[in-house]
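User: I am new to this structure and would like to look at it step by step. Could you help me with a few questions?

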Amino acid sequence: GAAEGRWECSLAAHEPAAVRGAVGWMRASHGAAKRAAAAQLLSPERVVPVARLCHYLECPPLLEAAVRTLASAVDAANAPSVLLLAHELGEPALERAAVGGILADLDEVEKAEYWLELPPLTRATLRTLRDATARNPLLSAGPHAARGSSASSPRELLAMVREALAEMRERLPHAPPREGAG
């Protein structure tokens with residue numbers, strides 16, 4: 001609790017090795033010592049608890065580095081747990097990386113340990129996005145494929161859908177009312 005003129009916080013809920021490593025990073029001199037401490041903190045076995053700790057402590061430099069490390073390591077086995085962590089931390093960049101990894105290899109991801117930990121609506125949405133990507137005529141090589149389309153991934157499809165929705169939203173106020181609507 002807060003005493004007069006003092007502020008206290010508890011780190012008891014965080015892994016001791018992550019706390020010690022973060023304190024070591026904070027105390028390290030700038031330059032090589034700081035980079036070495038950060039590299040140790042962002043090792044595969046520590047990066048998740050460090051990300052949680054940095055989120056709690058509101059330490060943007062380390063949190064951003066942890067998010068980049070996690071995003072670069074997304075694969076079929078860990079994508080669902082990374083998505084859950086992204087939601088926990090409120091980190092959109094990590095969420096985008098996890099969703100991209102899931103959509104890129106959904107059949108394998110569905111066999112992963114944490115797939116069933118995702119909420120049913122999230123799992124259904126991810127399946128729908130993957131199916132929409134697979135059926136998108138802009139991505140196919142068939143006769144109806146759009147000329148000049150370069151969309152080649154679920155992320156690009158989502159960007160195209162987002163742009164199309166934004167354009168529709170802009171045009172809506174200027175659209176004439178439809179007869180019989182109301």
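User: Which helix gives the most to the lining of the largest pocket?

Analyst: Happy to help! Please keep in mind that this is a predicted model. The helices α5, α6 (92–104), α8 (120–135) and α9 (154–171) each supply at least two residues of that lining. The top contributor, with 5 residues, is α6.

User: What is the volume of the largest pocket?

Analyst: Let's start with its walls: 14 residues line the largest pocket, and E95, R96, V99, L129 and L158 lie nearest its centre. By class, the lining has 6 nonpolar, 4 polar and 4 charged residues. The volume of this pocket is about 290 Å³.

User: Where does the largest share of the lining of the second largest pocket come from?

Analyst: This pocket has a volume of about 220 Å³, and V48, L70, S81, V82 and L85 lie nearest its centre. At least two lining residues each come from α3, α4 (60–72) and α5. The largest share, 5 residues, comes from α5.

User: How do helix α3 and helix α5 pack: roughly parallel or roughly antiparallel?

Analyst: Helix α3 covers residues 47–57 and helix α5 covers residues 79–89, with their axes 10 Å apart. They pack at an angle of about 15°. Angles under 35 degrees count as roughly parallel, so α3 relative to α5 is roughly parallel.

User: Which residues of α5 make the contact with α3?

Analyst: The crossing of these two helices, α3 and α5, is right-handed. On the α3 side, the contact is made by V48, A51, R52 and H55. On the α5 side, the residues are L85, E88 and L89.

Definitions and conventions. Residues numbered from 1 in each chain as written. Predicted model: local features only at pLDDT ≥ 70, side-chain atom pairs only at ≥ 80, totals over all residues. Heavy atoms only, no water. Axes fitted to C-alpha atoms, helices over the stretch in contact; angles between N-to-C directions. Helix = DSSP H or I, 4+ residues; strand = E, 2+ residues; numbered from the N terminus. Parallel < 35°, antiparallel > 145°, perpendicular 65-115°, else oblique. Left-handed = near helix turned anticlockwise from the far one by under 90°. Contact = heavy atoms within 4.5 Å. 1 Å grid on protein atoms, 1.4 Å probe; cavity = no way out; pocket = protein on both sides within 12 Å on 5 of 7 lines; lining within 4 Å. Points joined across faces, edges and corners; volume = space filled by probe spheres on them. Nonpolar A, V, L, I, M, F, W, Y, C, P; charged D, E, K, R; others polar.
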